[in-house]
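Trainee: Could you take me through one part of this model up close, step by step? I'd like to see how you read a single spot and then work outwards from there.

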Amino acid sequence: MTNLKLRLFILILLVCPAAAAAQTSTEVFDTALKAYNAKDYGVAAEGFAKYTGLKPSDSAGFFNLGLCYAKLQRQAEAVPNFKKAIALSTNYYNPAVQLGYAYLDLDKFSDAITAFTSAATADPAKPDPHYGIGLAHRYAKNPAEAEKAFAKAIAVSPARPSFYYQLASTQYDSQKYKEAIVNYRETVKLDPKHYSGWVYLGNSLDYNGQLVEAIAAYETAVVIDPSKPEAVTELAVLHLRNNKPQLCETYARKGIVLDPKYPGGHRTLGVCLRNL
């Protein structure tokens, strides 16, 4: 009898700490959210996965789990969780947008367009679904549809420089340089420190025969980020075409110092030196 009491006492000691340590579903969610906000996405994913087991009808758990996988670049695992969140949610806008971006990362452009279109239906007043549709069409080499989608995003939210940049880049890819110039100018107007906006504005101006304006755009890019070789090397080429071989040499050498392996750097310097 004494042995039986002792065994029961030991069993109680073993069980009670586990019971004391058990978390409620709310505590599990909050702990996972803290880990996510601390950018510890692996720990957060484990927590949200546990939460979805405790609360399988709550779309927030699956949505946040999908976000964790997306942050971890595990898009194939993010997709089913965003889909589950959509199925459980009455307002499925956010998971539909994130599903679209997950499909973009997986190069599943048709699926991305479907997801973004669903998000646009859920909230027609938001610009991001149209932007996502534009990206999907651009990556899928459908420039006409991409332009339409980016234009819709701009119509809804005309103050986002990324919308103009992607529209301009789509036009640039299609060699529509006059149109690209307009939208690259809008990009750098809204974001004066947009390095790539200034570089591609310079490219577009150059292709459009506006040499002086192109030089000015590249010079602005160099001021914004003097550590990158693209604008520096382009300046070397344009100064040569503008009959200024000494400036060509100066910028060509700067470009090589910044990146000795940058394509065209040494070739540009050689051409400059031959014209001195």
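Mentor: Y177 is buried, with a relative accessible area of 16%, and since the cut-off for buried is under 20%, that's how the label comes about. Bear in mind that what you're looking at is a predicted model. Y177 isn't on its own either: ring pairs link it into a cluster with Y165, Y172, Y184, Y200 and Y207.

Let's talk about those ring pairs. Two rings pair if their centres lie within 6.5 Å, and by this rule the count comes to 15 aromatic pairs. Take Y101 and F116 as a warm-up: their centres are 5.0 Å apart with 80° between the planes, which is an edge-to-face pair. Y101 sits in helix α6 (residues 93-105) and F116 in helix α7 (residues 109-122), so the pair ties together parts that are 15 residues apart in sequence. Y101 counts as partly exposed, at 26% relative accessibility, while F116 is buried, with a relative accessible area of 0%.

Now back to our tyrosine. The ring centres of Y177 and Y207 are 4.8 Å apart and the planes are at 20°, so this pair is stacked; the cut-off there is planes under 30 degrees apart. Y177 belongs to helix α11 (residues 177-190) and Y207 to helix α12 (residues 195-207), so here the parts being tied together are 30 residues apart in sequence. And the partner? Y207 is exposed, with a relative accessible area of 54%, whereas Y177 is buried.

Remember F116? Let's follow helix α7 from there. The axes of α7 and α8 come within 8 Å and cross at roughly 165°. Because of that angle, α7 runs roughly antiparallel to α8. The crossing is left-handed. On the α7 side, the contact is made by F109, A112, I113, F116, T117, A119 and A120, and on the α8 side by P129, H130, G132, I133, A136, H137 and Y139. Sort those residues by type and you get ten nonpolar, four polar and no charged.

Did you spot H137 there? This histidine has its place in helix α8 and counts as buried, at 13% relative accessibility. If you ignore neighbours within four places in sequence, H137 is in contact with I113, N142, E145 and A146.

That takes us to the next helix along. The axes of α8 (residues 128-139) and α9 (residues 143-156) come within 8 Å and cross at roughly 160°, so α8 is roughly antiparallel to α9. This crossing is left-handed. From α8, H130, Y131, I133, G134, L135, H137 and R138 take part in the contact, and from α9 it's E145, A146, A149, F150, K152, A153 and V156. Here the residues divide into eight nonpolar, three polar and three charged, so you can set that beside the ten nonpolar, four polar and no charged of α7 with α8.

One last stop: A216 is found in helix α13 (residues 211-224) and counts as partly exposed, at 38% relative accessibility. Its C-alpha atom is separated by 29 Å from the C-alpha atom of S157, and the two residues are 59 residues apart along the chain.

Definitions and conventions: Residues numbered from 1 in each chain as written. Predicted model: local features only at pLDDT ≥ 70, side-chain atom pairs only at ≥ 80, totals over all residues. Heavy atoms only, no water. Axes fitted to C-alpha atoms, helices over the stretch in contact; angles between N-to-C directions. Helix = DSSP H or I, 4+ residues; strand = E, 2+ residues; numbered from the N terminus. Parallel < 35°, antiparallel > 145°, perpendicular 65-115°, else oblique. Left-handed = near helix turned anticlockwise from the far one by under 90°. Contact = heavy atoms within 4.5 Å. Nonpolar A, V, L, I, M, F, W, Y, C, P; charged D, E, K, R; others polar. Phe/Tyr/Trp six-rings, centres within 6.5 Å; stacked < 30°, edge-to-face > 60°. Buried < 20%, exposed > 50% of the residue type's maximum accessible area, 1.4 Å probe, protein only.
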